[in-house]
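User: Take a close look at one part of this model for me: the packing of its helices. Keep it brisk, and put that part in the context of the whole chain.

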Amino acid sequence: MNQTQSKGLALVTGGSRGIGRACCEILSKEGYAVVVHFNSRESEAHAVAERLTGACVVQANLSTVEGVEQLAAFVKERGMPVEVLVNNAGVALDNPLFSASVEEFETTMALNMRATWLLTKRIARMMMRQKRGRIINVSSVIGHMGNVGQTVYAMSKAAIDGFTKSAALELAPHGILVNSVAPGFVETDMTAALSAEHRAAIQQRIPLGRTASTAEIAEAVLFFATKASYCTGTVLHVNGGLYAA
Ligand SMILES: NC(=O)c1ccc[n+]([C@@H]2O[C@H](COP(=O)([O-])OP(=O)(O)OC[C@H]3O[C@@H](n4cnc5c(N)ncnc54)[C@H](OP(=O)(O)O)[C@@H]3O)[C@@H](O)[C@H]2O)c1
């Protein structure tokens, strides 16, 4: 299948690893030509795309406004309908309230919040011409339940869900659906840094007794991308019962 035979483009930010990679895989299987975005892990991103039919790779540092604009321009140049945007790229710089720096705050907000907002603006404009599109924002259970050492991260992720609801209202008349997937604890590089004790403590608090696989989060993303035709402004919690919102 080449790009012209696909269901259209699906752009996944942070597609080089973790949850983003699983989203690339599941959306490709569904027939989308996936744009695998990365920032620093070029070889990982190429390894993902090589296994997918009709996928391409693009680098952009989404912490900068220029990086977001470059990514949007790249997508526009493809000249294909953009059917799906997954705002997945994110960063968690954990630090207690009194230790977290302004620099950490700004780095987190630039990627988790501003890039989600600005890229949505750019891609939704393309989707409006098609009168359809699906936007899925990856937030977090932490934005709802909070966590020690994650004041900044929690703030950025709570903001994403507020953004989802507001953007859903504005874009509904244009046939564009906007939803969030709020994962619980998922095994990725982001959580790999935790100590064995911390990991065991978290696991104990999860009613299903285990952490999520990246594929289990991608399944929720796929639901919003391909089904869920009457859902917009929704936050789907995928957390093994850790937090009932
Ligand atoms: N893991 C969890 O337990 C969990 C739970 C709830 C929510 N989430 C959310 O799920 C999303 C994915 O998390 P993950 O665990 O899969 O993370 P991860 O394994 O750390 O991957 C992060 C991804 O974001 C990209 N990225 C990092 N900085 C970037 C920048 N400045 N510009 C553009 N892209 C950048 C990375 O690209 P490179 O590979 O090129 O560096 C990578 O693809 C995040 O938004 C995270 O907050 C994760």
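Analyst: A helix axis here is a line fitted to C-alpha atoms over the stretch in contact, and angles run from 0 to 180 degrees between N-to-C directions. The model is a predicted one.

Start with the pair α1 and α9. Helix α1 covers residues 18-29, and helix α9 covers residues 214-226. Their axes come within 8 Å and cross at roughly 50°. An angle under 35 degrees would count as roughly parallel, and 65 to 115 as roughly perpendicular. α1 and α9 are therefore oblique to each other. The crossing of α1 past α9 is right-handed.

Now the residues. From α1, the contact uses G18, I19, R21, A22, C23, I26 and L27. From α9, it uses T214, A215, I217, A218, E219, V221, L222 and A225. Sorted by class, the contact of α1 with α9 has 11 nonpolar, 2 polar and 2 charged residues.

Look next at what follows each of these helices. Y32 sits in the loop between α1 and β2, a strand at 33-38. Y32 counts as buried because 27 other C-beta atoms lie within 10 Å, and the cut-off for buried is 20 or more. Leaving out residues up to four places away in sequence, Y32 touches S6, K7, G8, L9, A10, L27, E83 and V84. One of these, L27, also belongs to the α1 side of the contact with α9. Y32 and Q5 are 27 residues apart in sequence, yet their C-alpha atoms are 9.1 Å apart in space.

After α9 comes A228, in the loop between α9 and β7. Its phi is near 45°, a positive value in a residue other than glycine. Most residues other than glycine have a negative phi. A228 counts as partly exposed, with 17 C-beta neighbours inside 10 Å.

Strand β7 spans 235-238, and G240 lies in the segment after it. G240 is buried, with 21 C-beta neighbours inside 10 Å. Setting aside neighbours within four places in sequence, G240 is in contact with G184, I206, P207, L208, R210 and A212. L208 is 32 residues from G240 in sequence but 5.2 Å from it in space, C-alpha to C-alpha.

Turn to α4, residues 102-130. This helix packs against α3 and against α6.

Take α3 with α4. Helix α3 is residues 65-78, and its axis comes within 10 Å of the α4 axis, crossing at roughly 25°. That makes α3 roughly parallel to α4. α3 passes α4 in a right-handed crossing. On the α3 side are V65, V68, L71, A72, V75 and K76; on the α4 side are A115, L118, L119, R122, I123 and M126. By class, 10 of these residues are nonpolar, none is polar and 2 are charged.

Now α4 with α6. Helix α6 is residues 151-171; the two axes are 9 Å apart, at an angle of about 15°. α4 and α6 are therefore roughly parallel to each other. The crossing of α4 past α6 is right-handed. α4 supplies E104, F105, T108, M109, N112, M113, T116, W117, T120 and A124. α6 supplies V152, Y153, S156, K157, A159, I160, F163, A167 and L171. The class count for this contact is 12 nonpolar, 5 polar and 2 charged residues.

Just past α4 is K131, in the loop between α4 and β5, a strand at 133-138. K131 has phi near 60°, a positive value in a residue other than glycine. K131 is exposed, with 10 other C-beta atoms within 10 Å.

Last, the whole chain. The protein has 9 helices and 7 strands. Its radius of gyration is 17 Å, close to the 18 Å that the globule rule gives for 245 residues, so the protein is as compact as a globular protein of that length. The C-alpha trace spans about 50 × 35 × 35 Å along its principal axes. Of the 245 residues, 43% count as buried. Among contacts between residues at least 6 apart in sequence, 71% join residues at least 24 apart.

Notes: Residues are numbered from 1 along each chain as its sequence is written. This is a predicted model: local features need pLDDT of at least 70, side-chain atom pairs count only at pLDDT 80 or more; totals for chains, interfaces and linings use all residues. Helices (H or I, at least four residues) and strands (E, at least two) are DSSP runs, numbered from the N terminus. The radius of gyration is taken over C-alpha atoms; the globule rule is 2.2 Å times the number of residues to the power 0.38. A residue is buried if 20 or more other C-beta atoms lie within 10 Å of its own, exposed if 12 or fewer, and partly exposed in between; C-beta atoms are placed from the backbone. Two residues are in contact if their C-beta atoms, placed from the backbone, lie within 7 Å. Angles under 35 degrees count as roughly parallel, over 145 as roughly antiparallel, 65 to 115 as roughly perpendicular and the rest as oblique. A crossing is left-handed if the near helix is turned anticlockwise from the far one by less than a right angle, and right-handed if clockwise. Ala, Val, Leu, Ile, Met, Phe, Trp, Tyr, Cys and Pro count as nonpolar, Asp, Glu, Lys and Arg as charged, and the others, Gly among them, as polar.
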